[in-house]
Every structure is written in structure tokens, then in C-alpha cells.
Amino acid sequence: MKTLITSFRWILGALIGCAAIVAHAQESALPESLQALQARGLRVVGTFDFSTASGPGLTQARSQPVALRWTHDIPGTTFVADRGLRVRAPRGDQDPASMLPLPDLTRAAAVWLFVQLNSWSFDPTESKAVYFGFGQRADRFSGVVQFRLRSAGGQVDVTYEALRANEGATSGRPITIGYPDQSEPMNFALEYQPAQQRYALYRVHADGALELLGEGKSSPVRVVRVAQMLVRGNFATTAEEYLDVGAIGVAVIENQPSAPIR
């Protein structure tokens with residue numbers, strides 16, 4: 001099972017400047033890569049390795065290096081050793097969500113959300129989705145930019161979205177990434193640039209390369225204050241159904257101070 005978390009541990013190592021891990025990256029990595037982000041000053045805010053987490057719910061998890069904390073437990077989720085946060089949420093009257101309040105982001109040129117999905121097994125007879133992204137409020141789900149993982153019609157896809165279209169935001173079309181059974185991890189990164197009102201979704205490969213899946217414009221009137229996750233649909237249609245979220249990390253690139261006038 002250790003192979004399931006190798007990729008994201010590489011990412012975490014790259015983000016925190018672990019030279020022993022970065023040294024294994026390909027020297028010819030594309031400019032759109034974690035190495036390039038490091039050169040631009042990417043700094044970790046907090047990372048959750050759910051494969052080593054314990055406790056009765058999501059609110060018990062703690063991040064490193066800053067101890068961020070989720071606001072709500074999501075019913076039907078448990079920590080499974082070496083697998084991560086296992087989502088088996090049944091369908092409810094409301095879509096369960098949890099928010100992650102972030103430190104002050106006023107100096108951020110870009111905010112990044114890294115998500116590792118370790119594996120999943122979905123019943124293809126019902127549509128279901130999980131949303132990961134950035135929002136405005138800690139008391140309820142309030143989207144700014146996000147990406148959606150969805151199982152529907154015998155396929156699994158991702159979509160990048162911004163709220164709302166009547167505020168000038170733009171969203172993309174679904175991109176098929178697999179099928180209802182997936183045993184190898186997939187890593188994704190959501191980038192948000194508040195000043196440019198731009199966001200982008202990437203797939204992160206094991207060598208640190210960022211594959212751009214799409215980008216759009218965000219609403220000019222929405223402000224990111226939290227990261228967030230929401231579950232929609234029935235993830236307990238059968239006893240075998242599940243989604244394992246291996247890790248989530250937040251990082252920022254801060255604006256560089258202006259050079260003094262001489």
C-alpha cells in the first residue's frame with residue numbers, strides 16, 4: 001500500500017524543499033512544474049496526510065507546519081491506515097461539507113490546493129461527486145473556485161468551476177479521467193490568482209510536472225478565506241463502494257515587495 005502515497009509524499013517533499021526527494025526529479029522537468037513553483041517562492045501553509053491520521057472524524061486531523069483545522073466532520077467518513085480519509089457518505093437531506101479556515105491571504109499572488117485521491121470504487125448505477133476548492137465562509141459551503149470529481153454513466157470525470165457566471169466567472173467542461181474502479185493514486189492541483197481573477201486545474205505527475213487541464217476566470221467580487229470539501233450523492237450504495245482521499249495540502253506564492261526607489 002505504500003506505493004499509493006508515494007506520489008503525494010514526493011509532492012510534499014518538493015513543497016517543503018526536501019532535497020533528497022527533489023533530487024530524484026527529472027532534470028528536464030517542464031517549466032510548468034513543482035520545481036518551477038519552488039523557484040517562484042511556493043510556501044506550504046498546511047498539509048494533511050490522511051493515511052497517518054487518527055481520531056473519530058475529520059475535525060481531529062491536524063496539518064503541518066501550520067495546525068489548520070476542519071470545521072465539520074462529514075458523516076460516513078473514517079480514517080483508514082495507509083489509505084486515507086475513506087468517504088462512504090450516504091445520501092442525506094443536505095450535501096455534507098467541511099471548511100478549512102486559512103491564514104490571511106492578502107499578500108498571496110497565488111494560492112494552491114493539492115489533493116491526492118488514492119483510489120476509489122463506485123457503483124456506476126448512481127451519480128455522485130466530491131468538490132474540492134476555495135470558498136468565502138467558514139460556517140457554510142460558499143464556492144469561489146473548485147474542481148469536481150464525479151462518477152456518472154460508467155465513467156469518472158473532473159471539472160473545474162468558478163462561481164458564478166452572472167458575476168463574470170467561467171467554468172470548464174467535464175474531462176474523463178477513468179472508470180468506476182481506480183487503484184492507483186491521482187494527484188490534482190487547483191491554482192487561484194486573486195489579483196488576476198484567474199484559476200487553473202492541473203494534474204500533478206509523479207515527477208512533479210503539472211499537466212494543465214483547463215483554466216478560467218473567477219468572480220471579481222468573491223474573496224477566498226477557506227479551503228473546502230463537499231460530498232454530493234450516495235457513496236454507500238453498496239458495501240464495497242468508497243473513495244479514499246490520501247492527502248490535502250495548501251500552499252501560497254506571496255507577492256514580492258516592490259524594490260526601493262534609489
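In which sense, and over how many bridges, do strand β6 (residues 108-121) and β12 pair? The legends below take up this question and then visit a few other places in this predicted model.

**Figure 1. The whole chain, as a starting point.** Welcome to the overview: the protein chain is built with three helices and 16 strands. Of its 262 residues, 53% are buried. If we take contacts between residues at least 6 apart in sequence, 67% of them link residues at least 24 apart. The chain exposes about 12,100 Å², and 50% of that comes from carbon and sulfur atoms.

**Figure 2. Strand β12 and its partner β6.** Here is the reply to our opening question: β6 and β12 run in the antiparallel sense and are paired over seven bridges. To find your place in this pair, look for Leu 113, which stands opposite Leu 190 in β12.

**Figure 3. A strand with buried residues on both sides.** Strand β12 covers residues 186-193, and eight of its eight residues are buried, so the strand is largely enclosed by the rest of the structure. Follow the side chains: Met 186, Phe 188, Leu 190 and Tyr 192 point one way. Asn 187, Ala 189, Glu 191 and Gln 193 point the other way, and these too are buried.

**Figure 4. The hairpin of β12 and β13.** Strand β13 (residues 198-204) also pairs with β12 in the antiparallel sense, over seven bridges. A handy landmark is Ala 189, which stands opposite Tyr 202 in β13. Four residues lie between the strands of this hairpin. In the loop between β12 and β13 you will meet Gln 197, whose phi is positive, about 50°, although this residue is not a glycine. With a relative accessibility of 28%, Gln 197 counts as partly exposed.

**Figure 5. Asp 82, another residue with a positive phi.** This view turns to the loop between β3 (77-80) and β4 (84-87), where Asp 82 lies. Asp 82 is not a glycine, yet its phi is positive at about 65°. Is this residue buried, partly exposed or exposed? Its relative accessibility is 42%, and buried means under 20% while exposed means over 50%, so Asp 82 counts as partly exposed.

**Figure 6. Two cis peptide bonds.** One cis peptide bond joins Gln 64 to Pro 65, with omega about -5°. Pro 65 sits in strand β2 (residues 64-65). Another joins Leu 163 to Arg 164, and here omega is about -10°. You can find Arg 164 in the loop between β9 (155-162) and β10 (175-178).

Terms used:
Residues are numbered from 1 along each chain as its sequence is written. This is a predicted model: local features need pLDDT of at least 70, side-chain atom pairs count only at pLDDT 80 or more; totals for chains, interfaces and linings use all residues. Side-chain values use heavy atoms; hydrogens and water are left out. Helices (H or I, at least four residues) and strands (E, at least two) are DSSP runs, numbered from the N terminus. Buried means under 20% relative accessible area, exposed over 50%, partly exposed in between (1.4 Å probe, protein chains only). Contact means heavy atoms within 4.5 Å. Accessible areas come from the Shrake-Rupley method with a 1.4 Å probe; for residues, only the protein chains shown count as cover. Two strands pair if DSSP finds at least two bridges between them.
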